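Work through the exercises below with the sequence and the 3D structure at hand. Each task is followed by a stepwise solution.

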Amino acid sequence: MDKSLWVAICLGAALFLLDEPNQADATENGDSISKDTDSVRAGGKDLPMLYVTTILEDPYVMARDTELEGYCIDLLEKLSEMLHFRYKVGVVKDGKYGTLSPNGSWTGMIGEIVRKEADLAVAPLTITSSREDAVDFTQPFLHTGIGILLEKDTTLDDASLFHFLAPFSKEMWAGILAAYVVASLCLFLAARVSPCEWDGNEETPFTFLNSLWFGVGSLALQGAVPPPKSLSVRIISAIWWLFSIVLLTAYIAGFSFVLESGSEQLSIQTFEDLVKQRHLEFGTMAVSSTLLYFKNSKNPIQQMVYESMNKKKDTVLAQNYQEAIQRVLDSNYAFIGETVSQDLAVARHCNLVRSPEVLGARGFGIATPQGSPWTNKLSVAILKLGEAGDLDHLRSKWWESRCSHDDHKWSPLKPQTLGGIFLILALGLAIGMIVAVLELSKKSRRTAAQEKKSCCSVFTEELSQRFRPREIKKQEPAGKSKP
């Protein structure tokens, strides 16, 4: 009995000692992990082991207790499944991406790849020409550029004096003005032509000026003054009232949305706007590819950006991404950096916004030692993941927004939006004018029958009488009274 118990204890101790190295790999220093589980299931421990260096940056690589997770970890897992290799991830010792020192040596992840301390660098590592001279890069797994991250409250333009015009576009306002003039003119002509409104003895109340006033009163919902009598004038009045009601409803709804949504434009749209303003400081991360981009740029505006940052480098250059985001949130500071990282900040912090202008299109790639056989394999695998939509899936997974943004942003109404009511107005005005002509022709037929004249001649005489200048009509009676 004692002998069998002794054998069982020895077997248990042996199994514990055999399992101990794997546990050490998983928790070493709290910043490295070894994911061998899937590879063992796929085909044992004969698969090659790759040592991967990375850097902690949300959401690419994040520490969760003794493990790492994030976009780059998921990408690495998919690549290992496709290319059948095991990997061990470690966080870069100096916490840097990689820059060339004055003594000719590389720091950060690039330095570890150059010194063959790691086989891969999987991180938001920007592909640049200087880095390409020291290491090899795969095809980009993420495309980005250089943008400006701002706090909304510090960069919104104040509403202008003519902000009340914002609900409609310039074309819409021009169309409304044209419709108003045409409708007033049609109202004047119909009142002058229709016998019910003017019999030739006294002036019709619908003069051109009164017609313009009638249109304004209808837009202001002030009723009908003077009141129309004939069918033709009533048709034109009714169709203009309908047009006014629809127009006012659209304007009130649009203006309410403008006031509630705060649709002011950003005062800083471009890097030129950023350089010209004085109330915001701006900077980027120290020893970064973004700073190097502005340093080497020949563009005058970008040179001004670099000179401004270089003069205040002790105060405006951030040491890491988290520090830069916090400065944007806490002070009058604009952060210049990778747009893909800024988009994440906008998704996480609802009071942040990225300016529209993007410079220096670039990409994030996986770094390998020069001449590594894994470079081409990884590039092909990344292209396949992109074609299959896996990269887009990872992007949407780790860049999920916490903010409740409205998918439909407000834009001023254009004539096409209310094209139907303009068409109805045109048809109504045309019908009103036709009815006015029919009313006059009906009277002309009765007059022609009584006076036994041609209907056309009577109709022409009626028209000429209605549109004869007022001065001539006053002079004719005076001429007849002379002996």
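**Exercise 1.** Which handedness does the crossing of helix 18 and helix 19 have?

*Solution.* The model is a predicted one, in which local features need pLDDT of at least 70, side-chain atom pairs count only at pLDDT 80 or more, and totals for chains, interfaces and linings use all residues. Residues are numbered from 1 along each chain as its sequence is written, and side-chain values use heavy atoms, with hydrogens and water left out.

Step 1. Locate the helices: helix 18 covers residues 419-451 and helix 19 covers residues 455-466. Helices are DSSP runs of H or I with at least four residues, strands are runs of E with at least two, and both are numbered from the N terminus.

Step 2. Helix 18 and helix 19 pack at about 125 degrees, their axes 8 Å apart. Axes are lines fitted to C-alpha atoms, for helices over the stretch in contact, and angles run from 0 to 180 degrees between N-to-C directions. Helix 18 is therefore oblique to helix 19 (under 35 degrees is roughly parallel, over 145 roughly antiparallel, 65 to 115 roughly perpendicular, the rest oblique).

Step 3. The crossing of helix 18 and helix 19 is right-handed (the near helix is turned clockwise from the far one by less than a right angle; anticlockwise would be left-handed).

**Exercise 2.** Which residues of helix 7 meet helix 8?

*Solution.* Step 1. The axes of helix 7 (residues 170-193) and helix 8 (residues 208-219) come within 8 Å and cross at roughly 130 degrees. Helix 7 and helix 8 are therefore oblique to each other, and their crossing is right-handed.

Step 2. From helix 7, Tyr180, Ser184, Leu185, Leu187 and Phe188 take part. Their partners in helix 8 include Phe208, Trp213 and Val216 (contact means heavy atoms within 4.5 Å).

Step 3. By class, this contact of helix 7 with helix 8 has nine nonpolar, three polar and no charged residues (Ala, Val, Leu, Ile, Met, Phe, Trp, Tyr, Cys and Pro count as nonpolar, Asp, Glu, Lys and Arg as charged, the others, Gly among them, as polar).

**Exercise 3.** Is serine 80 buried or exposed?

*Solution.* Step 1. Serine 80 lies in helix 3, residues 71-83.

Step 2. Serine 80 has a relative accessible area of 6%, so serine 80 is buried (buried is under 20%, exposed over 50%, partly exposed in between, with a 1.4 Å probe and protein chains only).

Step 3. Leaving aside neighbours within four places in sequence, serine 80 is in contact with Phe85 and Tyr87.
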